[in-house]
Amino acid sequence: MAQKQLHSTEELDQFVAEAGKRLLFKHSTTCPISAAAYSEFQSFLQESSVPAAVIHVIEDRPVSNAAAERFAIKHESPQIFLLEGGQVKWHTSHWKITKDAIAEAMKA
């Protein structure tokens, strides 16, 4: 399933409010660690139908900051969140973002 890129806090609110499990990925387009994590995220999405969205943390800093505030989780990038019912059920960052880790979190 294709992911959407969130460019506004309204889009973030709408994405978070939707029902069911969904993945939110904070991506730094200038960071090699983020590039590796993003590749793992993409690899997971190719085999999954879970709704997913991406925030580009440099280009859309206000949206990134809004996510950190909303979830009360310190900003890191790359960073991934598993959301369900508007709540963060699981999150991790940096090298811990792997296709297998995402798959495990989805099963939990």
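The legends below describe close-up views of a predicted model.

**View 1. The open sheet and its strand order.**
The sheet is open and has 5 strands in the order S1-S3-S2-S4-S5, with mixed pairing. Its edge strands are S1 and strand S5 (87-93), each of which pairs on one side only. Neighbouring strands of this sheet are turned against each other by 20 degrees on average, when direction is ignored. Strands of a sheet pair through backbone hydrogen bonds, and they may do so in parallel or antiparallel fashion.

**View 2. Strand S4 and its two partners.**
Of the 6 residues of S4, 5 are buried, so this strand is largely enclosed by the rest of the structure. S4 runs antiparallel to S2, to which 5 bridges join it, and Phe25 stands opposite Ile80 of S4 in this pairing. S4 also runs antiparallel to S5, and here 6 bridges join the two strands. Gln79 has Ser93 in S5 as its bridge partner, while Leu83 has Val88 in S5 as its bridge partner.

**View 3. The hairpin of S4 and S5.**
In this hairpin, 2 residues lie between the strands, and Gly85 takes a positive phi near 60 degrees. The strand that follows, S5, is one of the edge strands of the sheet.

**View 4. Helix H1 and its two sides.**
Helix H1 (residues 9-17) lies across S1, S2, S3 and S4, and runs at about 145 degrees to S2. Its buried residues are Leu12, Phe15 and Val16. These residues cover an arc of only 95 degrees around the axis, which puts them on the same side of H1. An α-helix has 3.6 residues a turn, so residues three or four places apart point the same way. The elements that cover the buried residues of H1 include S1, S2, S3, helix H3 (61-71) and S4. On the face of H1 turned away from the buried side are the exposed residues Glu10, Gln14 and Ala17.

**View 5. Helix H2 and its buried face.**
Helix H2 (residues 32-45) has 14 residues, which at 1.5 Å a residue should span 20 Å, and its end C-alpha atoms are indeed 20 Å apart, in agreement with that expectation. Within H2, the residues Ser34, Ala37, Phe41, Phe44 and Leu45 are buried. Seen down the axis of H2, these buried residues fall within an arc of 95 degrees, so they line one face of the helix. Among the elements that cover them are strand S1 (3-5), strand S2 (22-27), strand S3 (52-56), strand S4 (79-84) and helix H4 (99-107). H2 lies across S1, S2, S3 and S4, running at about 160 degrees to S2.

**View 6. His7 and its surroundings.**
His7 lies in the loop between S1 and H1. With a relative accessible area of 46%, His7 is partly exposed, because residues between the limits of 20% and 50% are placed in that class. If its neighbours within four places in sequence are left aside, His7 is in contact with Asp60 and Val63. The side chain of His7 makes a polar contact with the side chain of Asp60, at 3.1 Å. Ser48 is 41 residues from His7 along the chain, and the C-alpha atoms of these two residues are separated by 24 Å.

Conventions: Residues numbered from 1 in each chain as written. Predicted model: local features only at pLDDT ≥ 70, side-chain atom pairs only at ≥ 80, totals over all residues. Heavy atoms only, no water. Helix = DSSP H or I, 4+ residues; strand = E, 2+ residues; numbered from the N terminus. Expected span 1.5 Å × (residues − 1). Buried < 20%, exposed > 50% of the residue type's maximum accessible area, 1.4 Å probe, protein only. Arc of directions from axis to C-beta. Contact = heavy atoms within 4.5 Å. Pairing = 2+ DSSP bridges. Axes fitted to C-alpha atoms, helices over the stretch in contact; angles between N-to-C directions. Polar contact = N/O pair within 3.5 Å; in protein donor to acceptor, adjacent residues only side chain to side chain.
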